[in-house]
Amino acid sequence: MRRQPRGLVNTFVGYSILIFFALVFLYPFVIQLANSLKTEPDAAANPLSPVPGPVSFASFERIFEGTDFPLWLGNSLLVTLVLTAGRVFFDSLAGYALARLRFAGRRAIFAGVVAVIAVPGVVLLIPKFLVLNQLGIYDSYTALILPIIVDAAGVFIMKQFFESVPASMEEAARIDGAGVFRTYWSVVLPMARPALITLTILSFQGSWNEFPHTLVAVQNPDLFTLPRGLADLVSGSLGTGTQYPLKLGAALLATIPVAVIFVIFQRYFVRGATEGAEKG
Amino acid sequence: MRTRSESLAGWLFVAPVVLILGVFLLLPILMALWVSLTGWNGQGSPFRSGVPFVGADNYTSLFTEDGLPRQDFMTSIRNNVYYVLLVVPAQTALALGLALVVNQRMLKRKGFFRTAFYFPSVTSSVAISVVFLFVFANSGAVNALLGAVGIDGPVWFDDSRGLIHVLLGTVGVDNPPGALANHSVLGLTWWDWVSGPSVAMCAIIVLVVWTTSGTFMLMFLAALQAIPQQVEEASLIDGANRWQRLRFVTIPMIRPTMFLVLTLGLISTWQVFDQIYVMSQGNPAKTTLTPAFLSYRTAFKDFEYGRGAAISFVLFLIIVVMTLVQRWMLRERRS
Amino acid sequence: MPHRTVLAAFAAGALLASAACGSGFDDDSADTPQRSGPVSLQILIGSSGQAETTAVQEAAAKWASSSGNTATVTPAQDLTQQLGQAFAGDSPPDVFYVDAVRLADYASVGALEPYGDKISNPDDFYESLRTAFTYDGKLYCAPKDFSTLALVVNTDLWSKAGLTEADVPTTWDQLTSVSQKIKSSGTVPLALGDTRDRIGAFMVQAGGWITSADGKTATADSPENLQALQYVQGLLKNKYAQYPKALDAGWAGEAFGKGKAAMTIEGNWIKGALRADFPNVKYTVHPLPAGPKGQGTLSFTTCWGVAAKSKNKDAAVNFVEAMTTAEQQMTFAKAFGVMPSRQSAGAQFTQQYPDDKAFIDGAGYAQGPVNAPKMDSVLADFDTGLQGLANGDPKALLGRVQKNTESALGR
């Protein structure tokens, strides 16, 4: 009881800090939303105001009619869906094999996977361009998808997961005579639901936001995904002007899908972050 | 019987991963290694005869030859060093601070705050860069805030003045002392080396600290929650004050996480690319040029693919060395 | 044992990869086989805006329907980068814009088809433009159009500062004194692009330039250039001139259009941009103020490059032919404000656009871009120095440009 007054002060200070930082972390998004609904002079004059002077949907009209936004959106959806499905399937397959199946070379492959996680992505830009070129698939959907359809970190997460669950169920299934793939598909995967959801979400987020890879994989504007289109919209060619409401609106639309998924599946994101932490 | 089919299944299961990583990761690295030893100018395939083999020239041009390539490369290294020196401590301190506050037992609605702090981390780096371009625009939010307290904010993305130069300017050192301006190391004068990050780079630093702190906060939070309650209570009984508890109890308990956060921070700060591409393209006056962006620009804009690849490999080496040094230092201190 | 298996797997992967390379390993020294029959032409342009894109697309469609081919016009967001990746990918577009600055780079590595002798009446192009696209004695491509810089004045802000038509500066001293008046009326006097493509005009007015006339000697470190940069530095320090970013604009024309500056130094493309984005701005165009060595401006030009690796070279040259007729050039001039590269269209242009006299007259005393390979990174570095000119040391900057130019030209 003697700590009561100090406790109150502590609580107050604690909340003040939290609320201050919550504002710092969220207000830019408020600014983004508000300014995308402003007219350009209004945005320039009152950048901080969370309320648009007159609400104007002009920027969104221009996003859909004056830019290739619908095309980028379509490409992003296609690429993200294929990438997510591919990553979840291939990563869990490999993760399972590395965790459970005994075969020659298993250790070496796992060591390879861990090493790959440590390879920094940006130093691969020129190498990736070279190989895509040499294979003759540069500037195609294949180039956007195939090189990043497996993800070493995902393999790692799945391996860790499979090692953490008991093997008794699969053994029972195998004794019943089911083949390895049958066992995997109908016994193991259903058990792995939480890990699969985490992997799905991480893959979705990663593919949706992927930017540098698209820079060296394609140059045809018909193949641009949202981040690539957005980046080019911003670096804009002569005469297109600053157009902040338009750019902010486009960036906002590109953020929404991940934001929605984040709010719904929060705890899986958190698990992803902390599980990623264990890999170090 | 069992083992042979298991072995076959094992290989089948890992085959897609091995194949893709082999073809799109290992093979390209070898190809780039070759290209970094040639003077390939981007016409046709780099693997036909007739592409000039230049040995280590692309590498020496970055270190020993006086010229534009070395000057650009060293400028990018300088910029990135300042960037790392500011971002890594700032994001680590902010993440740890937030985690400590969120972890306070008497506070409610932690979930909301945790979400708020983490949210920027999951959004697209390109989209966020667009937002911060607006926030830091000349007539943007930051300058409006500064204006409200009577400060005339800088033109963030057009301001190439280094922070240390600005500070020296306030004490009257506007022009470089001759000793610093007339002597150069690796293509840059001492005065250029000690410039500090430019004002433009500071805006990018703020953005990056803001986006990454959330993830690291989650890592710290997980570590803090794993500290047994008895440990904390024991230190309370010992009469340790808040600072002593943090310094002698909490931080040693979360040392592995601390190491992880610092390492991940070091690795990712040397890779900064997306934000530079979207926000500044290395401008103003090359003060936001980083090795990653320089490598990209050298290859795809100047058609010096060999030198671009060479920069990539040097950067790769820097990152590997950073990780090893860090690992070694933490081991030293532990023993 | 396990290690060997892994190695084998990687080797197999590598083998597979190289087997799939096919075309990649082809030697490209032989002439590219040509397709016959109706072809589909890919055209990549570095557009100045929607107006230009639309105009070129319409012209291409017209050519396609009259010649029985198809033509796809793609505006590049970053032409240099996209072309670079396309050349390396062995799949370049058939026709593309080539900036005069880049000509030597592309020509020296054999990426361009030198078709200059196949185009009709090449002598009709202005001589300075032909020079800009000649490398090793060969005319590589047909000039598309050209532009020069002039002084653009916002008439409303001009009179607000109490100035009249007679006050339009014709010398550096006058530029300084009107700037002072405009600044005291509360307006930014001059929006000035922060690159050598604008500031370089002052160097020409002072009698200097980056290279000698034949492009073989570096002349950056000269008293004339120093005088020019010191003058511009003075403008910047006094806030008589400001760079676009300081005015929250992507380029000087945008700052001018928004009414943030009373004057700007831009090319004739500003007309189209102002008409499209800021139709209410009233402005007049004047020759740039003369420096110590008289009048000076810069000219810019782009040509229609044809890829050496194109499979449709005949159709491509035929396309360029159609794009560079005097009639078509006038259509482009109307659509996005460029000036025809053919002298035969010049008279018609002057007649139709008397307001553009300052731009056309500039052709008489304009300095063209540097025409030498490997200069791009040197010039980009110069731009970097100019971005920091307000607080920089012009003498050291020119010394750096001199040193870098010498080593680039020496190769």
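Q: Where does UniProt put the feature "transmembrane region" in chain A?
A: The unreviewed UniProt entry places it at residues 12-31, 77-99, 108-129, 141-162, 183-204 and 248-270 of chain A. UniProt positions are in the numbering used here, feature names are shortened, and annotations may be inferred rather than shown by experiment.

Q: And what are we looking at, numbering-wise and model-wise?
A: This is a predicted model, where local features need pLDDT of at least 70, side-chain atom pairs count only at pLDDT 80 or more, and totals for chains, interfaces and linings use all residues. Residues are numbered from 1 along each chain as its sequence is written, with chains lettered from A and ligands numbered from 1 in the order in which they are written.

Q: How much helix is there over residues 248-270 of chain A?
A: That stretch is 96% helix and 0% strand, with its end C-alpha atoms 27 Å apart. Helices (H or I, at least four residues) and strands (E, at least two) are DSSP runs, numbered from the N terminus.

Q: What about residues 141-162 of chain A?
A: There you get 73% helix and 0% strand, and the end C-alpha atoms are 33 Å apart.

Q: Switching to chain B: how many helices and strands?
A: Chain B has 16 helices and two strands. Its C-alpha trace spans about 85 × 75 × 40 Å along the principal axes.

Q: Which domains does chain B get?
A: The assignment gives domain 1 (16-55) and domain 2 (65-162 + 197-334); such bounds come from an automatic or database domain assignment. The centres of domain 1 and domain 2 of chain B, taken over C-alpha atoms, are separated by 32 Å.

Q: How many residues of these two domains of chain B are in contact?
A: Nine residues of domain 1 of chain B contact seven residues of domain 2 of chain B. Contact means that the C-beta atoms, placed from the backbone, lie within 7 Å.

Q: And between chains B and C, how many residues take part in the contact?
A: Chain B gives 31 residues and chain C gives 33 residues. On the chain B side, helix α1 (residues 2-35) supplies the largest share, six residues.

Q: Last one: why does the end-to-end distance of α9 in chain C agree with the expected span?
A: Helix α9 (residues 223-237) of chain C has 15 residues, so at 1.5 Å a residue it should span 21 Å, and its end C-alpha atoms are 21 Å apart. The expected span is 1.5 Å times one less than the number of residues.

Q: What follows α9(C)?
A: C:Lys239, whose phi is positive, near 60°.
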